[in-house]
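Dear colleague,

I am passing on a structure for you to look through, and below it I have set out what was found. Please keep it open beside this message as you read.

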Amino acid sequence: MCFSLKLIGCLTLFVLAGAFSAPAQTTAGDHTPTGVEQLETLRPVFEGLFEATVAHLPANYRKEYRQLYTDLRDSRLKEAENGCFLLDKDVSGYLEAILREIKRANPGLLKREVRLLITRDPVPNATTFPDGLILFNAGLLAACANESQVAFILCHELAHHELEHGPRAIAKRFDLLYSKKAKREMASIARQKNASEKARAYLSELTYEHRRHSRENESEADSLAAVFLARTRYDASQASGALRMLDTIDNDFHTPRFDLKTTFDFPDYPFKIKWLEEENTLFRDGARVFDGALNKDSLKTHPDCRHRATLMSDRYLKGYQQDGRLSDPQGLELFASIRQTARYEALLGAFDGGNIDLCLFLTLARLREQSGNVRLHALVGRCFNALYAAQRDHVFSRYVQAPRVGFEPGYKGWLQFLNTLRLRELAAVGYHYLNTCDQAFLQDEEFQYQLLAAAKNMELPDETARHKTAYLRNFPKGKYRAVIQSF
Ligand SMILES: [Zn+2]
């Protein structure tokens, strides 16, 4: 049901493992949570989905089903509380319009109710849950080239829902885990020698089966999605384009688009080669960082997207006539603006989710295309200020991963760099980064505040006082007024 699924495991796997983890709360930053408002808006939605689903549970395993949907509801409420959703009227309106067009064109085919929400998750993925909730990540919206590609992805998710892939997968897993036969099997394993080893082997067999079915489900969903899309006024040939984009996106996602040495080399604070040396990262927060063996293939539950793109054009859409259909019926300008919002929100979503390493990495990549974007420069400063606070409070590893084997080499090098920086260096890099930006950026409240905070971290009292005065003068109703009183 997940769309790209190279980065994320499948829903039922998560459900059955009870692994619906809420993102970490960000305590290191100066972020004001929007969670209260989200919770208020979304609570009736999640409660409604829960009530509607538990009213029609299958006859078998009712207790287990109820627990599953209770956990699902609770994890969603937690996510709302953490501000994980993108509640932007323009973005929701844009996606709802696409959904309406797909429904209009397929009156007899789309029978099951769905609910669509957009997350602030930077990971390029979409997920359909068995209760009809489709989650479209901002990171995926940000990666689409046009409206027709968004439409294809929605068609694919709708196809999963119509084909009941989610409920079927759960029913199958429940059978495999809780049926009398499964219980007998586990009981017999428990009596044998090397019981835990055998139990693991038994469960990995189940996981393998599950993945095989997931692959079959993807092909089915693509094939039905092609039918849905071809009936709309969208350019269905964009389906292959979307799949080709997904084929490379996981690599693209972690490919550095900036040069560390030039980005962090400043006239008054030159780049230090030792920041790239591996041995500096062996100790962090008192714990040794091990290179855990990551089996990357284990996460790949789907057939490769390039193959799916070929199937799409050569089989599912064979003979399809484009007939001058538009890639962007709602207009290129609107698409560009929606994508811009999605891109920025995905970055903030990474920050608020506690993934400051990823937020900073993606922000610097984005700056390659938008070097004059003050919001992005301010976000770089915000990340360094947050990392400084995290390092000072000995919680750095909550926000920056260790550079493990299995990461893309470029991303591993990036984590290596962040893990090498000591407290004073984090303050200095952030401060010099902001201080060498265009001084016209000081007209922006967020930028001005981050530079003020960076100057404080650098323990520069005169400069801190100067920026504080400027902030209070330029932003008499600024949101950081209370915070900076103590500076
Ligand atoms: Zn899928």
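**The zinc site**

The four donor atoms around the zinc ion subtend angles of 54 to 128°, and the arrangement is therefore irregular. Please bear in mind that this is a predicted model. The protein donors are His156 and His160, each through NE2, together with Glu218, which is listed twice through OE, and they lie 2.1 to 2.6 Å from the zinc ion. Along the sequence, these donor residues follow the spacing H-x3-H-x57-E. Because His156 lies in helix H6 (residues 147–162) and Glu218 in helix H9 (residues 195–230), the pair ties together parts that are 62 residues apart in sequence. Both His156 and Glu218 are buried.

**The nonpolar cores**

Turning to the interior, the largest nonpolar core has 57 residues, and those with the most contacts inside it are Phe264, Leu360, Leu364, Leu387, Trp414, Phe417 and Tyr433. Several helices each supply at least two residues of this core, including H13 (332–352), H14 (356–369) and H16 (409–420), while its largest share, 10 residues, comes from H15. As an example to follow on screen, Tyr433 touches Thr263, Phe264, Phe266, Leu364, Leu367, His377 and Val380, if residues up to four places away in sequence are not counted. Apart from this core lies another, of 50 residues, with Leu86, Ile134, Phe136 and Ala225 among them.

With best wishes

How values were computed: Residues numbered from 1 in each chain as written. Predicted model: local features only at pLDDT ≥ 70, side-chain atom pairs only at ≥ 80, totals over all residues. Heavy atoms only, no water. Donors = N, O, S within 2.8 Å, 3.2 Å for Na, K, Ca; no water. Tetrahedral: all angles 85-135°; square planar, octahedral: opposite > 155°, others 65-115°. Helix = DSSP H or I, 4+ residues; strand = E, 2+ residues; numbered from the N terminus. Buried < 20%, exposed > 50% of the residue type's maximum accessible area, 1.4 Å probe, protein only. Core = buried A, V, L, I, M, F, W, Y, C linked by side-chain atoms within 4.5 Å. Contact = heavy atoms within 4.5 Å.
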